[in-house]
Amino acid sequence: MDKRQEMARPDLKRIDEIIARYQDQKWPLIPLLQEIQQQFGYIPLETINPIGRAFRLFPSQVQGVITFYEQLYTTPRGKNIVRVCRGTACHVRGGKTILKLVKQHLGLEEGETSPDLEYTLETVACIGVCALAPNIVIGKETHGNMNPKKVARLFEGRKGEG
Ligand code: FES
């Protein structure tokens, strides 16, 4: 088992220790959820009941907060978040094909994470560099003027390569 998979396994003892640190805070829920996500890479579903008990909330209320905040996740995410732009400028310059190719190379659909936790594939409305369309972002790095060759180069060696 690699390190990321180990990280993804919830250790409920650790969860209790983390919760305890927020017990006396006035508005603990968001910072607590953020810390759990930082520690585990996501918010394991097993943590929702202990959080609810600690702060006298129904599990559905804790879940509701997680669902409301787009940056909180209850499933593991890849080390590399790949965002393909589906904004208008990228769309008219071949963004749809780029997305299709990225899906093929990674063997993933939108919103999915590879089993080795290397990649998560997402789409975004516009990343603000329309002049370089079509664009994709991997982690913090933007790759502009994408074409099939560039996509192949970026994901060389991936299993799902199409
Ligand atoms: S539409 Fe893709 S960067 Fe703006």
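Start by selecting Asn145, which sits in the loop between strand 4 (141–143) and helix 7. This is a predicted model, so colour it by confidence if your viewer allows. Asn145 is not a glycine, yet its phi is positive, at about 45°. With a relative accessible area of 36%, the residue is partly exposed.

**Next stop: Asn135**

Asn145 is one of the residues that Asn135 touches, so select Asn135 now. You will find Asn135 in the loop between strand 2 and strand 3. Is Asn135 buried or exposed? Its relative accessible area is 2%, and because the limit for buried is under 20%, Asn135 counts as buried.

Show everything around Asn135, leaving aside residues up to four places away in sequence, and the contacts include Arg83, Val84, Cys85, Cys90, Ile127, Val129 and Cys130. Also among them are Thr142, His143, Gly144 and Met146. For a single polar contact to label, take the side chain of Asn135: one of its polar atoms lies 2.9 Å from the backbone oxygen of Val129.

While you are here, look at the peptide bond between Ala133 and Pro134. It is cis, with omega at about -5°. Pro134 belongs to the loop between strand 2 and strand 3, which is also where Asn135 lies.

**Helix 6**

Now select residues 88–106, which make up helix 6. Where is the kink in helix 6 centred? Go to Gly94: the kink there is about 80°. The end-to-end distance is worth checking too. A straight helix of 19 residues would span 27 Å at 1.5 Å a residue, but the end C-alpha atoms of helix 6 are only 24 Å apart.

Turn on the side chains of the helix and pick out the buried residues: Cys90, Gly95, Ile98, Leu99, Leu101, Val102, His105 and Leu106. Cys90 is already familiar as one of the contacts of Asn135. What do the buried residues of helix 6 pack against? Their partners are strand 1 (80–85), strand 2 (119–124), strand 3 (136–138) and helix 7 (148–154).

Step past the end of the helix to Gly107, which follows helix 6 and has a positive phi near 65°.

**The loop between helix 6 and strand 2**

Carry on to Gly111, in the loop between helix 6 and strand 2. Gly111 is exposed, at 59% relative accessible area. If you draw a distance from its C-alpha atom to that of Gly87, you should read 17 Å; these two glycines are 24 residues apart along the chain.

Leu117 is found in this loop between helix 6 and strand 2 too. Leu117 is another residue that is not a glycine but has a positive phi, here about 60°. Its relative accessibility of 9% makes Leu117 buried.

**Aromatic pairs**

How many aromatic pairs are there? The count comes to two. Select Phe68 and Tyr69 for one of them: the rings are edge-to-face, 5.2 Å centre to centre, with 80° between the planes. Phe68 is exposed at 64% relative accessibility, while Tyr69 is partly exposed at 30%.

Then select Tyr119 and Phe155. This pair is edge-to-face as well, with 5.7 Å between centres and 75° between the planes. It connects distant parts of the chain, since Tyr119 is in strand 2 and Phe155 is in the segment after helix 7, 36 residues apart. Tyr119 is buried, with a relative accessible area of 12%, and Phe155 is buried at 0%.

**Zooming out**

Switch to a cartoon of the whole chain. There are seven helices and four strands, arranged along the sequence as α-α-α-α-α-β-α-β-β-β-α. The C-alpha trace spans about 55 × 35 × 20 Å along its principal axes. Of the 162 residues, 38% count as buried. Among contacts with a separation of 6 or more, 62% come from residues 24 or more positions apart.

Finish with the confidence colouring. The chain averages a pLDDT of 90, and 92% of the residues score at least 70. Select residues 1–6 last: pLDDT stays under 50 there, and the model has nine contacts for this stretch beyond four places in sequence. Where pLDDT is low, predicted coordinates should not be read in detail.

Methods: Residues are numbered from 1 along each chain as its sequence is written. Side-chain values use heavy atoms; hydrogens and water are left out. Helices (H or I, at least four residues) and strands (E, at least two) are DSSP runs, numbered from the N terminus. The expected span of a helix is 1.5 Å times one less than its number of residues. The bend at a residue is the angle between axes fitted to the seven residues ending there and the seven starting there. Buried means under 20% relative accessible area, exposed over 50%, partly exposed in between (1.4 Å probe, protein chains only). Contact means heavy atoms within 4.5 Å. pLDDT is the predictor's confidence in each residue, from 0 to 100. A polar contact is a pair of N or O atoms within 3.5 Å; within protein, one must be able to donate a hydrogen and the other to accept it, and residues adjacent in sequence count only if both atoms are side-chain atoms. Rings of Phe, Tyr and Trp (its six-membered ring) pair if their centres lie within 6.5 Å; planes under 30 degrees apart count as stacked, over 60 as edge-to-face and the rest as tilted.
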